[in-house]
Amino acid sequence: MLVKNWMSAPAITIDVHSSMQDAITLLKTQKISMLPVMDKKRLVGIVSDRDLKKASPSDATTLDIHELLYLLSTIQIKDIMTKKPITVPPDCTIEETAEILMANKISGVPVVDHDDGVQGVITHTDLFKVIISLTGIGKKGIQFAFRLEDRGGSILEVAEIIRQFGGRIASILTSYEKAPEGYRNVYIRTFNIDRLQLETLKTVLKEKSKLLYLVDHKNNTREIY
């Protein structure tokens, strides 16, 4: 999954000579948390809500509201922005982007093409949207978590059992994290299962695999094994 398919575009940007008050207003009205800073068509930095909070006068200031507004209107973005921002290209994968955000402890980055044009921004909120899409939670239904042998066909075996009970697969996710050597954790979200057959399905699955938990989003029930 590529950044270009999930980024927020077109990017909402701000000029390097704009005021701090302009940035505050733009972030608030657009309901965003960061702005690429442009000098003509060239990206020169980013300014985030965190940058603005750091640069804002303390609550303990003795300035009145008019003086505060004047101060905010005189501070330029170039004086408080983060220079040489981290960026990603449009063909960067979502996983690579998540690693970059986590490693640098940042909430988002501009998406820049090979001609240094800003195509959009990708933030942790966009990554959350990807997670929601990948897991298929919009289908609700039931999520089964298994610990399966790390061998060919082990996922197919439990998926076929679910299908035999009328289940349709919305997503299959796997991870080796916190799984013993030779095993992996597998998460299957399914829908259209007849709840009258659910107990029988669980029994069959437990006979064929290690069932870790079951979450029924339709009935809001959870079983941890």
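Buried here means under 20% relative accessible area. I noted that cut-off before opening this predicted model, as my entry on strand β9 leans on it.

**Entry: strand β9**

I looked up residues 183-191, which make up strand β9. Of its 9 residues, 7 are buried, so the strand is largely enclosed by the rest of the structure.

Next I asked which strands pair with β9. One is β7, residues 142-149, which runs antiparallel to β9 over 8 bridges. Another is β8, residues 168-175, also antiparallel to β9, over 7 bridges.

I picked out one bridge from each pairing to find my way around on screen. I142 has T190 of β9 as its bridge partner, while S171 is matched with R189 of β9. A reminder to myself: side chains in a regular strand alternate between the two faces of the sheet.

**Entry: D91 and its patch**

Then I turned to the surface. D91 sits in the loop that links β4 (82-83) to α4 (94-104). Is D91 buried or exposed? I found it partly exposed, as its relative accessible area is 46%. Together with E95, E96 and E99, D91 forms a negative surface patch.

**Entry: N5, seen from D91**

My last stop was N5, in the segment before β1 (14-15). N5 counts as exposed because its relative accessibility is 54% and the cut-off for exposed is over 50%.

How far apart are N5 and D91 in sequence and in space? I noted 86 residues along the sequence and 9.1 Å from C-alpha to C-alpha.

How values were computed
Residues numbered from 1 in each chain as written. Predicted model: local features only at pLDDT ≥ 70, side-chain atom pairs only at ≥ 80, totals over all residues. Heavy atoms only, no water. Patch = residues over 30% accessible without salt bridge, like charges linked within 9 Å, V, L, I, M, F, W, Y side chains within 5 Å. Areas by Shrake-Rupley, 256 points an atom, 1.4 Å probe, with all protein chains shown as cover. Salt bridge = Lys/Arg side-chain N within 4 Å of Asp/Glu carboxyl O. Lys, Arg positive; Asp, Glu negative; His and termini not counted. Charge placed at Lys NZ, Arg CZ, Asp CG, Glu CD. Helix = DSSP H or I, 4+ residues; strand = E, 2+ residues; numbered from the N terminus. Buried < 20%, exposed > 50% of the residue type's maximum accessible area, 1.4 Å probe, protein only. Pairing = 2+ DSSP bridges.
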